[in-house]
Amino acid sequence: MPLVALLRHGEEDGTAGGRAPIESRSRRGLSAAGRAQAEAARDFVASLDAARVACSDRPRAIETATIVAAGRPVDVVPGLNSMDLGEWEGRPASELPELGRVLGDPALRPPGGESLAELLTRFAAALEGALPAEGDAIVVAHRMTNAVLLANLLGLPAEDAHLVQQDPGGVTILAREGPRLRVQMLNVSPLDPLRTRAVTSRG
Amino acid sequence: MADPPPPLVPHVERRLYLVRHAETDALTADGFMHCADPIPLTPRGVGQAKALGRLFADVPATRVHASPMDRTAHTARILAGARRPVAVDPRLREISLGDLDGAHTSEVFAAAPRWLADPDAALPGGESLNAVVARAGAALTDILEASDDHHVVVVAHGGVNRGLIAHLLGMRMDRAYRIRQDWACVNVLDRSEGRWWIGVLNWTPAGVDELAMARGALIGGAAMRRLGR
């Protein structure tokens, strides 16, 4: 039973505490915290025998994958890219009242961008193509790419995909059983597995 | 103004740590299934519970809730440490195997071929998954209402946890057994804006190593393959 480690990239430089504009195509790399997350993820998946390491073409994913790969070659697969936000790229979420509707209805798309349903189709196909014929794999992608796929694997409707959290550098382990992927472990932050450092304010 | 966008990072109003008890030998290598007490933790299971105890020492919960069965109460006792009480609720007990407790898996699935596939199917004298979710869900609701803790820790069972996670997330109950639950695993669920969000599923102190070694030797795995799911 080959295993697939599906990661979200580590924290992006300049985004600690949240990012005001929504940027799928950001060219920034990782912050120091993001690199530490990637190093912890590398150690966490060290027992996998990865025949392939693949990532999206975003710098934050490539930098994460390069660290996790620990010297193995990294294949850049644009089909693993983050959601295409079309004309909304780079705008503050506060200026996008329709964003909530798009993330809550898999059929809606941002102007010039892609819907959650399209994202799932595109990402699932790219992931399947990125997996080696034999052996384990490591794939580094993005919050919503992973969330729509995992929601689908768990039997959650696409409009609830955002309920599947993906922390920066979070590791999800999938098992391949023939063409099927089964969730074994989801969104583990090796530096903080109980997420005691994640924001948990009340009220 | 349309609906405000849902934040992609939830504002966590409540955090639930749903833990499965540590290792037992209830499902023996030769395929006999046991659920009812007495089922003690193995020595390795005690070690797993101690690892959880070290991790949960920093979790600000004033008590630990658990099923009263041997394996969960013992795991919870070790996890809670010296300074926290364990509160047991019988509604968190594992799904009952009824008359087939202690039978071989082949006998169990011959008696109820759709037991894992159909949440309404029950073994003779036993319970369906939906019945378990009804009682365990009521217990969880009471625990959350009665507790002032922001972080709530519940130690229960593989079947109970799968049913509760599917129920809280709004998943189809016939998918519940897709959720893997290893010995001493931790699931983190966050309450925000009227919904439960998945934080973590099936993390164990052993990390990936055990998964990588086991390679599919999971409880229920052979049964699931037999059912073609």
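Q: In this predicted model, is A:E114 buried or exposed?
A: Happy to start here: A:E114 pairs with A:R122 in a salt bridge, with N and O 2.3 Å apart. Its partner A:R122 is partly exposed at 23% relative accessibility. For A:E114 the relative accessibility is 10%, and the cut-off for buried is under 20%, so A:E114 counts as buried.

Q: Which residues of chain A are joined into one network by salt bridges that share partners?
A: A salt bridge here needs a side-chain nitrogen of Lys or Arg within 4 Å of a carboxyl oxygen of Asp or Glu. Where such bridges share partners, they join residues into one network. The members are A:E12, A:E23, A:R28 and A:R60.

Q: How many residues apart in sequence are the parts tied together by A:D84 and A:R25?
A: The side chains of A:D84 and A:R25 form a salt bridge at 3.3 Å, N to O. A:D84 sits in the loop between β3 (75-76) and α3 (99-103) of chain A, while A:R25 sits in the loop between β1 (3-8) and α1 (32-44) of chain A. The pair therefore ties together parts whose separation in sequence is 59 residues.

Q: What accessibility class do A:D84 and A:R25 fall into?
A: A residue is buried under 20% relative accessible area and exposed over 50%, with partly exposed in between. A:D84 has 23%, and A:R25 has 43%. Both values lie in the middle range, so A:D84 and A:R25 are partly exposed.

Q: In the salt bridge between A:R58 and A:D57, which residue is buried?
A: The two side chains meet at 3.4 Å, N to O. A:D57 has 25% relative accessibility and counts as partly exposed. The other partner has a relative accessible area of 6%, under the 20% cut-off, so the buried residue is A:R58.

Q: Which residues does A:P193 touch, leaving out those up to four places away in sequence?
A: A:P193 is placed in the segment after β6 (180-188) of chain A. With a relative accessible area of 13%, A:P193 is buried. The residues that A:P193 touches belong to chain B: B:L55, B:V200 and B:W203.

Q: How far apart in space are A:P193 and A:I62, C-alpha to C-alpha?
A: Along the sequence, A:P193 and A:I62 are 131 residues apart. In space, the distance from C-alpha to C-alpha is 24 Å.

Q: What area is buried between chain B and chain A?
A: The size of an interface is often given as the accessible area lost when the parts come together. Here 52 residues from chain B and 47 residues from chain A take part in the contact. Carbon and sulfur atoms give 59% of the buried area, and the total is about 4300 Å².

Q: Which residue of chain A forms a salt bridge with B:D190?
A: Between chain B and chain A there are two salt bridges, out of 23 over all chains. In the one formed by B:D190, the closest N and O atoms are 2.8 Å apart. The partner is A:R195.

Q: Which element gives the most residues to the side of chain B that touches chain A?
A: Across this interface, twelve residue pairs are in polar contact. The elements of chain B that give two or more residues to that side are β1 (14-20), α1 (43-56), β5 (186-192), β6 (195-203) and α6 (208-214). The top contributor, with nine residues, is β6(B).

Q: How many nonpolar residues are on the side of chain B that touches chain A?
A: Sorted by class, that side has ten polar and 16 charged residues. The nonpolar count is 26.

Q: In what order do the elements of chain B run from the N terminus?
A: Chain B has seven helices and six strands. Of its 229 residues, 55% are buried. From the N terminus on, the order is β-α-β-α-β-α-α-β-α-β-β-α-α.

Q: Where in chain B is the pLDDT under 50, or below 50?
A: Overall, chain B has a mean pLDDT of 88, with 88% of its residues at 70 or more, and the model scores ipTM 0.94 and pTM 0.92. Where pLDDT is low, the predicted coordinates should not be read in detail. The stretches to treat that way are residues 1-5 and residues 216-229 of chain B.

Key: Residues are numbered from 1 along each chain as its sequence is written. Chains are lettered from A and ligands numbered from 1 in the order in which they are written. This is a predicted model: local features need pLDDT of at least 70, side-chain atom pairs count only at pLDDT 80 or more; totals for chains, interfaces and linings use all residues. Side-chain values use heavy atoms; hydrogens and water are left out. Contact means heavy atoms within 4.5 Å. Buried area is the accessible area (1.4 Å probe) that two parts lose on being put together, summed over both. A polar contact is a pair of N or O atoms within 3.5 Å; within protein, one must be able to donate a hydrogen and the other to accept it, and residues adjacent in sequence count only if both atoms are side-chain atoms. Helices (H or I, at least four residues) and strands (E, at least two) are DSSP runs, numbered from the N terminus. Ala, Val, Leu, Ile, Met, Phe, Trp, Tyr, Cys and Pro count as nonpolar, Asp, Glu, Lys and Arg as charged, and the others, Gly among them, as polar. Buried means under 20% relative accessible area, exposed over 50%, partly exposed in between (1.4 Å probe, protein chains only). pLDDT is the predictor's confidence in each residue, from 0 to 100.
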